[in-house]
Amino acid sequence: MGMADIQDKEVSMEGLCSISTYDQWTPLSVSGQLPKPRYKHRAAVVQQKMYVFGGNHNGCYLGDIQVLDFKTLSWSKLEAKSQAEPSESAGAVPFSACAGHSVIQWGNKILCLAGHTREPAESLSVKEFDPQTCTWSTLRTYGRSPSSRGDQSVTLVGDTLVVFGSEGHGRSLLNDLHILDLETMTWDEFETTGTPPSPRSEHAAACFAERYLLIFGGGSHSTCFSDLHLLDTQTMEWSRPKQQGITPEPRAGHAGVTIGEYWFITGGGNSRKGVSDTLVLNMCTYEWSVLTDLEARAPPTSEGSSLVTHTINGENFLVSFGGYSGRYSNQAYALKASLKPSVPSQQIDEAESNGFATISVAENSSRKVIFEIEELKDVKPGNRADNSKTLGQVATDEQNQVEDRLNQEHLQSLRLKQELADVENRNAELTEELHLVRDQLSIEQTRASKLENEISEIQQRLQNMGTLEKEFESLRSELDSTVSEEEASSGNQTHRSRGFWRWNG
């Protein structure tokens, strides 16, 4: 082994490559000045560096830019400036302090949209950061811009950005959909069919096959969700995919990244607790599974943490930073994923009318069997014995596949029966609650009737009191008249007495 080979091996073991264990979160041993702890920040990767923008710490919005070099695992802080010569931008402004915004890698640049700020604007602006020149600029857009918001999802679908949901002005929750064409920089608000997700914020979104938008979880002001929604961006139709595998816990404030057909979800929490598992959704089959689990309050399980993915030497790494789980974090963790993308997005079949086509192993195997049978038709007669053996083997394989498919259908049937039983139990509980509410309503109606009768009696008494007051006034008038006459008579006698005494004096 030459000296160059030894040096390459040493270099390859630096940074993220030093992680040898699969599917486990590992705290990164970093150097440099650590960033301030934060949550609801955002991060993006450009050329083996993770750029972290803004966030929230103790209710204060942050406006700094922190960089983690994946080669050296060292932190540094950037001092960004405004673009001196705007060219295509409408103006150049520095990055303002914000949280709950969205950042998207676009080529070798990073786009930043929306977010909560100290002085929110009326409409959503699009800013561009150039890591090469370390400059910010505000891009000119056309069409009707969405209203300003925070905690939305912004997903790159082909050459467009899809903005969904958020918390808008006055903490109002939204479920509107806006699309920005990055080629023309034009905003469009499309009409959709089907049932969209309910208004929410702090959800996760992903793109699959450069066509399908997936929305998972999120929260309203009173609850958190665990539902999964699908939007076909070609037909603009919403649907609810049939999920398989484990049932995810409701969560909001989680983060997600995709590697091929796999969608990794980590962090977040609900009204009861923080969520400690790292989930994986196979976007071909909609099957959920748990990749790994952590102790509660570990940073990768935090709410509002950032999550990015980076590939080195064919290995895929997830990197989580920051978040809040009772305290603000500034730790970075990494996970080397064992799952490898098996289906390139270009080979995904076109969507069917009720959603996009799932890639079924059984279906692909059946097609393979058919192709083998077609090939056997062209084999020479001298090889019929081998052909028969091959055909028998093919038939056996196909039978095994059919049996596996039947077993899957049986399990699905059992699952549906259990769900039906749960629904029936829930229906019985709701019916009982309805009866209780009706009984309570009847009691309240009786009380209301009694109160109405008492009010009627009081009104009658008030009317009687009015009559008594009139009679009392009449009697008092008569009494006053009598008293006046008596005083007049008494006054005459008094004058006489005084004259008498005065005269004697």
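Okay, let's start on the outside: M465 is partly exposed, with a relative accessible area of 46%. Keep in mind that this is a predicted model. M465 sits in helix α3, which covers residues 384–504. Together with I458 and L462, M465 makes a nonpolar surface patch of about 300 Å².

Now to the inside. Which residues touch the most other members of the largest nonpolar core? That core has 19 residues, and the ones you want are L16, L28, M50, L68, F70, V308 and V319. Several strands feed into this core with at least two residues each: β2 (42–46), β3 (49–57), β25 (306–312), β26 (315–324) and β27 (328–337). Of these, β26 gives the most, with three residues.

Let's zoom in on F70. Leaving out residues up to four places away in sequence, F70 touches G15, L16, V45, Q48, K49, M50, V308, H310 and V319. There's also another core lying apart from that one, made of 17 residues, and L214, F216, I265 and M283 are among them.

Last thing, the cysteines. How many disulfides does the structure hold? Zero. As a reminder, a disulfide is a covalent bond between the sulfur atoms of two cysteines. Take C98: the nearest cysteine sulfur belongs to C112 and is 5.2 Å away. The cut-off for a disulfide is 2.5 Å between the sulfurs, so C98 is in no disulfide.

And is C98 buried or exposed? C98 counts as buried, because its relative accessibility is 3% and the cut-off for buried is under 20%. C17 counts as buried too, at 15%.

Methods
Residues numbered from 1 in each chain as written. Predicted model: local features only at pLDDT ≥ 70, side-chain atom pairs only at ≥ 80, totals over all residues. Heavy atoms only, no water. Core = buried A, V, L, I, M, F, W, Y, C linked by side-chain atoms within 4.5 Å. Buried < 20%, exposed > 50% of the residue type's maximum accessible area, 1.4 Å probe, protein only. Helix = DSSP H or I, 4+ residues; strand = E, 2+ residues; numbered from the N terminus. Contact = heavy atoms within 4.5 Å. Patch = residues over 30% accessible without salt bridge, like charges linked within 9 Å, V, L, I, M, F, W, Y side chains within 5 Å. Areas by Shrake-Rupley, 256 points an atom, 1.4 Å probe, with all protein chains shown as cover. Salt bridge = Lys/Arg side-chain N within 4 Å of Asp/Glu carboxyl O.
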